[in-house]
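Visitor: I should like to take a close look at a single part of this structure. Please treat it in one connected account.

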Amino acid sequence: MSRHLHQSSRRRFLVGATGAMGVASAIGVATPFVCALAPNEKVKQQRLPVQVDVSKIEPGAIVTVAWHGLPVWVLRRAKTSLLALEEHVSILADPESSRSQQPDNTRNTFRSIRPEIAVYVGRCTHLGCTPNYRPLIASSASEGMVSKELGEDWYGGFFCPCHGSKFDLAGRVYKNMPAPTNLEVPPYRFISDDVLEIGITGDGDNV
C-alpha cells in the first residue's frame, strides 16, 4: 500500500514539474514575441510628422527629409519654372493628375499648396527607384549640359536612372514612360509662413 502511495506521489510531482517547465518556456517565448510586436523608438520616430523650414531653401534648390521611412523632397521652384509648367501639358501622360496620388488641396497645375513650394515622395512610381533631380531646361542650357537621354523637350524635373521615366517639376510623368502615374504628393500643411509639416493633412489629421 505504501509503495502504491509513493508511486502516485512521484507521478504527481513529475506532472507538476513538467507543467511548470512548460509555463516557464511559454513565458520565455512569449516575452520576446510581445516585445517584437511593440514598435521601437526608431519606428515611432518615422511615424511622426516632419517639419521643414522652407525659408532656407533657395529658388531651384531641393532638400530631402525622411518620413515614414521614405525620402520626401521639398523643392522651391523658380518663377521661370512655374511658367514652364503651363506650357508643356501636351507631352504629359496625366497633366490633371486624375490618376495620381495627392491630397485634394494639391490637385492643381502646380500640384502644391503654394505654387513655388513642391513636396513629393522621392520614389519613381514604376518600381520605386529614386529619380535624379535635373532642373536645367534643355532649350536654355548650354550645349552638353543636358544629356541626350532627357531629350529636347526637357523642361526640368526628375529623371529615373533605372528605366528612364521622366517627370516635370510638378512631378507629372511624361507620356510613354514606364512609370504609370505622377510622383506621389504626401499629405502636408503650412503651420506658419516659413514652416511646412509633412504627415499632417489640412484638417490636422496625422497619417
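Visitor: Which residue in strand 9 does R189 stand opposite?

Guide: In this predicted model, R189 stands opposite E197 in strand 9. The pairing around this position may be followed outward. Strand 8 and strand 9 are joined in the antiparallel sense over 3 bridges, and they form a hairpin with 4 residues between them. Strand 9 also pairs with strand 1, again in the antiparallel sense, over 4 bridges. Here Q51 is the residue that stands opposite E197.

Next to E197 in the numbering is I198, one of the residues with the most contacts inside the largest nonpolar core, together with V74, Y120 and L196. That core has 32 residues. Two or more of its residues come from each of strand 1 (50-53), strand 2 (62-67), strand 3 (70-76), strand 4 (117-121), strand 8 (188-190) and strand 9 (195-198). Leaving aside neighbours within four places in sequence, I198 is in contact with P49, V50, V52, V65, W67, V72, V74, V119, P186, P187 and Y188.

Two of these partners, V74 and V119, also belong to a pairing of their own: V74 stands opposite V119 in strand 4. Strand 3 and strand 4 pair in the antiparallel sense over 5 bridges. An open sheet of 3 strands runs in the order 2-3-4 with antiparallel pairing. Strand 2 and strand 4 are its edges, each pairing on one side only, and the twist averages 25° from one strand to the next.

Methods: Residues numbered from 1 in each chain as written. Predicted model: local features only at pLDDT ≥ 70, side-chain atom pairs only at ≥ 80, totals over all residues. Heavy atoms only, no water. Core = buried A, V, L, I, M, F, W, Y, C linked by side-chain atoms within 4.5 Å. Buried < 20%, exposed > 50% of the residue type's maximum accessible area, 1.4 Å probe, protein only. Contact = heavy atoms within 4.5 Å. Pairing = 2+ DSSP bridges. Axes fitted to C-alpha atoms, helices over the stretch in contact; angles between N-to-C directions.
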